[in-house]
Amino acid sequence: MRPGALIRYRLRIHGLPIHWTTTISAWEPPYRFVDRQLRGPYRLWVHTHTFEEKDGGTLCRDHVEYAHWGGSLMHRWFVAPDLERIFTYRRDKLLELFPRK
C-alpha cells in the first residue's frame with residue numbers, strides 16, 4: 001500500500017454488477033489509512049480506518065463520509081441497511097480473526 005494506490009473491485013449490489021475504484025489517499029501506518037472512491041456507486045465515499053493500542057490489543061475504527069443518489073427513501077431502504085450489513089460483517093470478521101483476550 002501507498003498513497004495513490006488504486007484498488008479495483010467488481011461486486012454486485014442488489015444483483016446489479018458494479019465496478020468500484022478507490023485510491024489510497026492517506027497511508028500512515030500503524031495509525032490510519034484512507035480510501036477514497038474514484039468511481040463507484042456513491043456520489044462521495046471517503047473511508048478513514050484508524051488503529052490504536054488499547055488494553056493490550058488494537059482498536060479499529062471506521063469513519064465514512066458518503067453521499068449517495070436517490071434521496072432519503074433510497075437511504076432508508078437500501079444504503080443504510082447495506083452499510084449496516086457491511087460494517088457488521090467487518091466487525092464480526094475482525095473478531096473472528098483476532099479474538100479478544
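Okay, let's start with a definition: helices and strands here are DSSP runs, a helix having at least four residues and a strand at least two, numbered from the N terminus. With that in hand, the protein reads β-β-β-β-β-α along the sequence. In other words, there are 5 strands and 1 helix. And keep in mind, please, that what you see is a predicted model.

Some overall numbers before we zoom in. The protein has 101 residues, and 23% of them are buried. Its C-alpha trace spans about 45 × 30 × 20 Å along the principal axes. The accessible surface comes to about 7800 Å², and carbon and sulfur atoms own 56% of that. One more for the notebook: take the contacts with a separation of 6 or more, and 19% of them are between residues 24 or more positions apart.

Now, the sheet. In what order do the 5 strands sit? They go 1-2-3-4-5, in an open sheet with antiparallel pairing. The edges are strand 1, residues 6-13, and strand 5, residues 57-67, and each of these pairs on one side only. From one strand to the next, the twist averages 25°. If you're wondering what holds such a thing together, strands of a sheet pair through backbone hydrogen bonds, either parallel or antiparallel.

Let's walk along part of that sheet. Strand 3, residues 32-39, runs antiparallel to strand 4, and 5 bridges join them. The two make a hairpin, with 4 residues between them. Find Asp35 on your screen: its bridge partner is His47, over in strand 4.

Stay on His47 for a second, since this residue also stands opposite Val64 in strand 5. That takes us to the next pair. Strand 4 covers residues 44-54, and 11 bridges join it to strand 5, again antiparallel. Here the hairpin has 2 residues between its strands, and Asp55, in the turn, has a positive phi of about 50°. Right by that turn you can look for Lys54, whose bridge partner in strand 5 is Gly57.

So where does the helix go? Helix 1 packs on the sheet, where it touches strand 1, strand 4 and strand 5. Its direction makes about 165° with that of strand 5.

Let's pick out a few residues on the helix, which covers residues 71-97. His75 is one of them. Is His75 buried, partly exposed or exposed? Its relative accessible area is 25%, so His75 counts as partly exposed. Leaving aside neighbours within four places in sequence, His75 is in contact with Tyr66, His68, Ala80 and Pro81.

Trp77 is in helix 1 too. This one counts as exposed, because its relative accessibility is 55% and the cut-off for exposed is over 50%. Trp77 also belongs to a nonpolar surface patch of about 400 Å², together with Leu73, Met74 and Phe78.

Last topic: charges. The count comes to 6 salt bridges, and I'll show you three.

First up, Asp62 and Arg90, with their closest N and O atoms 2.9 Å apart. Asp62 is in strand 5 and Arg90 is in helix 1, so this pair ties together parts that are 28 residues apart in sequence. Both ends are partly exposed: Asp62 has a relative accessible area of 31%, and Arg90 has 25%.

Next, Arg85 and Asp82, whose side chains meet in a salt bridge at 2.4 Å, N to O. Both lie in helix 1, 3 residues apart, about one turn of the helix. Asp82 is a nice one to check for yourself: at 14% relative accessibility it counts as buried, because buried means under 20%.

And then Asp92 with Arg91, where the closest N and O atoms are 3.0 Å apart. Asp92 is partly exposed at 39% relative accessibility, and Arg91 is partly exposed as well, with a relative accessible area of 45%.

To wrap up, then: we have an open antiparallel sheet of 5 strands, a helix packed on that sheet, and a salt bridge from Asp62 to Arg90 that ties strand 5 to helix 1. Okay, that's my bit, thanks for listening!

Note on methods:
Residues are numbered from 1 along each chain as its sequence is written. This is a predicted model: local features need pLDDT of at least 70, side-chain atom pairs count only at pLDDT 80 or more; totals for chains, interfaces and linings use all residues. Side-chain values use heavy atoms; hydrogens and water are left out. Patches are made of residues with over 30% relative accessible area and no salt bridge: like charges are joined within 9 Å, nonpolar side chains (Val, Leu, Ile, Met, Phe, Trp, Tyr) within 5 Å. Accessible areas come from the Shrake-Rupley method with a 1.4 Å probe; for residues, only the protein chains shown count as cover. A salt bridge is a side-chain nitrogen of Lys or Arg within 4 Å of a carboxyl oxygen of Asp or Glu. Buried means under 20% relative accessible area, exposed over 50%, partly exposed in between (1.4 Å probe, protein chains only). Two strands pair if DSSP finds at least two bridges between them. Axes are lines fitted to C-alpha atoms, for helices over the stretch in contact, and angles run from 0 to 180 degrees between N-to-C directions. Contact means heavy atoms within 4.5 Å.
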